[in-house]
Amino acid sequence: MKVFTSQLLGFFLFFFFYHRQAWAHYKFVVKEVPYTRLCSTKNILTVNGQFPGPTLYVHRGDTIVVDVYNRGKYNITIHWHGAKQPRNPWTDGPEYITQCPIQPGAKFRQKIILTTEEGTLWWHAHSDWTRATVYGAMIIYPKLGTTYPFPKPDAEIPIILGDWWKEDIKKVLDELLYSGGEGNYSDAFTINGQPGDLYPCSKQDTFRLKVERGLTYLLRIINSAVQDMLFFAIADHNVTVIGSDASYLKPFKRSFIVIPPGQTIDILLEANQNPNHYYMAAKSYTVAAEGVFDNTTTTAIVEYSGNYTPSSPPVFPYLPYYNDTLASVNFTASLRSLADKEHPIDVPMEINTHLFYTLSMNTIACPNDSCAGSNGLRLFASVNNISFVNPKIDILEAYYYCIHGVFGIWFPDFPPLFYDFTAKYYPSNFVIPTRGTEVKILDYNSTVELVFQGTNLLSGSDHPMHLHGFSFYVVGVGLGNFDNEKDPLTYNLVDPPLQNTIIVPVNGWLAIRFKANNPGVWYMHCHFDRHMVWGMDAVFIVKNGKSPEAKVLPPPTDMPPCYYRAVPITSKYTNSLNSHICPIRIEIK
């Protein structure tokens with residue numbers, strides 16, 4: 001086998017020397033550096049000066065230690081997306097949920113505990129929209145002495161899909177929050193940090209994947225985009241989907257995939273075509289009106305080795321139309337867990353906690369109808385009509401130390417009103433949410449079924465929902481209103497996919513199941529960052545179990561400090577924190 005690039009050579013050397021240990025240690029220096037894209041240069045926040053950031057290479061069951069140094073101008077947190085972090089929510093990363101941010105000039109040592117995850121995950125910033133440029137891949141190999149459940153590929157390549165704004169990303173967010181409207185969409189999508197041939201000043205730096213005919217390549221695809229689900233394809237090549245979110249799937253072939261922000265998909269590319277140059281390409285899947293989203297296409301080039309005259313331009317792949325919802329739903333419905341002897345699944349069959357969460361777009365009045373949302377109103381988003389408000393002390397500390405007045409414990413199991421969620425018309429008062437910082441308390445080892453229901457309030461939208469601290473089984477998905485009598489009869493309880501991020505289809509529903517066996521505070525949110533800052537978030541607190549192995553670990557000694565203490569919040573649901581759910585009670589000075 002030939003060595004195709006120096007990058008691949010470095011990867012194999014790193015793999016050989018590094019992966020003998022069960023502990024991996026990395027240093028992340030967060031700092032601004034200048035990068036040039038689309039004919040202009042701007043400073044962006046990076047890790048170790050790299051964009052995308054460094055790839056982490058580990059094995060299943062390893063523990064990773066990352067020393068994060070904030071040398072930037074703004075607060076930062078880092079989230080290890082898809083790592084379940086058993087009993088260790090302290091270094092999960094979401095700002096004001098499990099920690100206060102790492103201040104400029106400060107350092108925080110984060111421990112990432114892996115268990116059953118195997119495949120591709122990723123890491124990214126989790127404060128404001130800093131993840132637009134602060135992200136990287138996390139490759140989790142099988143345990144030493146074991147192998148993949150498919151023939152070993154000849155090479156493996158992370159393919160990170162992202163986006164790029166010409167404007168400073170903090171300014172983009174500030175303008176969105178100030179205006180109350182949708183905000184500006186990105187100027188380009190990227191593949192491994194490069195926009196590709198179809199954008200100005202980009203052709204010479206287009207990412208190129210060099211392949212040899214007859215060989216097979218494992219492409220670890222990550223969607224790191226801030227706002228967009230993406231269709232992805234490689235011209236004239238069907239790919240074999242074999243994994244998602246660090247869990248193996250029953251292999252199936254497709255000419256394209258759809259991948260939401262936050263999700264990872266592993267595919268096998270067989271280099272079985274005539275030697276040539278072929279585009280790999282990605283573009284937005286959205287139900288937004290044409291002209292109000294990034295309608296550009298990012299490309300990279302698959303280059304076969306050998307002597308030949310390549311097509312000019314390279315062969316372009318078929319991608320579905322930008323609003324092809326059926327293409328997206330059918331792809332999601334095709335995911336099936338491998339569920340073999342070496343990779344068993346454990347779907348909860350007896351459910352003792354039933355939850356039904358509506359996902360809605362909302363508005364609240366602005367003075368003199370001065371905002372940029374519909375009819376001069378300010379845009380919000382909600383789960384069960386509660387638009388989440390971040391506290392000033394992280395919820396984990398408030399829970400662990402019994403700090404009162406930070407959050408309420410009455411997040412509802414069901415929406416305040418049942419109606420035709422996908423109807424075209426609805427009473428205007430339906431769009432007004434309640435704002436508050438509420439959490440849902442789960443008993444340790446409770447078995448949970450959660451049905452997400454998309455609504456058509458303001459306008460329907462897909463929602464890529466991500467749950468921290470757990471992987472969940474996706475047991476059902478459909479369009480329209482969930483039917484509590486008929487739809488459960490269609491559930492897949494034999495080989496449902498095990499995910500941490502999944503698309504709830506526009507004006508549709510999706511059902512997940514998981515066992516609440518990870519004590520701590522765990523965030524759940526839409527992975528469209530504008531929806532997240534508008535309030536489409538929720539928090540689960542899983543209570544401690546009885547044994548020492550079923551209790552939250554003590555906090556690290558270098559937790560970033562919070563500079564606020566008990567801050568009252570406004571919500572009709574909020575009461576004092578019930579003392580019986582606190583792991584410990586100490587006096588906070």
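A cavity is a set of grid points where a 1.4 Å probe fits but cannot get out, and its lining residues have an atom within 4 Å of a point. That term is needed for the two enclosed spaces described further on. The model is predicted.

**Overall build**

The protein has 5 helices and 32 strands. Its radius of gyration is 23 Å, close to the 25 Å that the globule rule gives for 589 residues, so the protein is as compact as a globular protein of that length. Along the principal axes, the C-alpha atoms fill a box of roughly 75 × 55 × 50 Å. Of the 589 residues, 61% are buried.

**A four-stranded sheet**

One open sheet has 4 strands in the order 3-8-7-5, with mixed pairing. Strand 3 (56–59) and strand 5 (78–81) form its edges, and each pairs on one side only. Neighbouring strands are turned by 20° against each other on average, direction ignored. Inside this order, strand 7 (residues 119–125) pairs with strand 8 (residues 135–141) in the antiparallel sense, over 6 bridges. Glycine 119 faces isoleucine 140 of strand 8 across that pairing.

**A five-stranded sheet**

A further open sheet has 5 strands, ordered 24-32-31-26-29, again with mixed pairing. The edge strands are strand 24 (440–442) and strand 29 (501–504), each with pairing on one side only. The average turn between neighbouring strands is 25°, direction ignored. Strand 26 (residues 463–467) and strand 31 (residues 520–526) run antiparallel and are joined by 3 bridges. Here methionine 465 stands opposite cysteine 526 of strand 31.

**Strand 18 and its partners**

In strand 18 (residues 277–285), 9 of the 9 residues are buried, so the strand is largely enclosed by the rest of the structure. Two antiparallel pairings involve strand 18. One is with strand 13 (residues 229–234), over 6 bridges. In that pair, phenylalanine 231 stands opposite lysine 283 of strand 18. The other is with strand 19 (residues 297–304), over 7 bridges. There, alanine 282 stands opposite threonine 298 of strand 19.

**Two cavities**

Rolling a probe the size of a water molecule over the atoms shows where empty space is left. The structure holds 2 cavities of 30 Å³ or more.

The largest has a volume of about 50 Å³. Its lining consists of His124, Ala125, His126, Ser127, Asp128, Arg131, His525, His527, Asp529 and Met532. Strand 7 and helix 5 (529–534) are the elements that give two or more residues to this lining. By class, the lining divides into 2 nonpolar, 5 polar and 3 charged residues.

The second largest cavity holds about 30 Å³ of space. Ser328, Val329, Thr332, Asp462, Val477, Ile503 and Pro505 line the second largest cavity. Helix 3 (residues 325–333) supplies the largest share of that lining, 3 residues. The lining of the second largest cavity divides into 4 nonpolar, 2 polar and 1 charged.

**Backbone details in loops**

Two cis peptide bonds and two positive phi values are listed here.

| Site | Feature | Value |
|---|---|---|
| Phenylalanine 51 to proline 52 | cis peptide bond | omega near -10° |
| Serine 312 to proline 313 | cis peptide bond | omega near 0° |
| Glutamine 85 | positive phi, residue other than glycine | phi near 50° |
| Asparagine 385 | positive phi, residue other than glycine | phi near 65° |

Proline 52 lies in the loop between strand 2 (40–47) and strand 3. Proline 313 lies in the loop between strand 19 and helix 3. Strand 19 is the partner of strand 18, and helix 3 contributes to the lining of the second largest cavity.

Glutamine 85 sits in the loop between strand 5 and strand 6 (107–113). Its relative accessibility is 0%, so glutamine 85 counts as buried. Asparagine 385 sits in the loop between strand 21 (378–383) and strand 22 (386–388). At 17% relative accessibility, asparagine 385 also counts as buried, because the cut-off is under 20%.

**A buried loop phenylalanine**

Phenylalanine 256 belongs to the loop between strand 15 (247–254) and strand 16 (257–259). With a relative accessible area of 15%, phenylalanine 256 is buried. Phenylalanine 256 and phenylalanine 331 are 75 residues apart in sequence, yet their C-alpha atoms are 9.0 Å apart in space.

Notes. Residues numbered from 1 in each chain as written. Predicted model: local features only at pLDDT ≥ 70, side-chain atom pairs only at ≥ 80, totals over all residues. Heavy atoms only, no water. Pairing = 2+ DSSP bridges. Axes fitted to C-alpha atoms, helices over the stretch in contact; angles between N-to-C directions. 1 Å grid on protein atoms, 1.4 Å probe; cavity = no way out; pocket = protein on both sides within 12 Å on 5 of 7 lines; lining within 4 Å. Points joined across faces, edges and corners; volume = space filled by probe spheres on them. Nonpolar A, V, L, I, M, F, W, Y, C, P; charged D, E, K, R; others polar. Rg over C-alpha atoms; globule rule 2.2 N^0.38 Å. Buried < 20%, exposed > 50% of the residue type's maximum accessible area, 1.4 Å probe, protein only.
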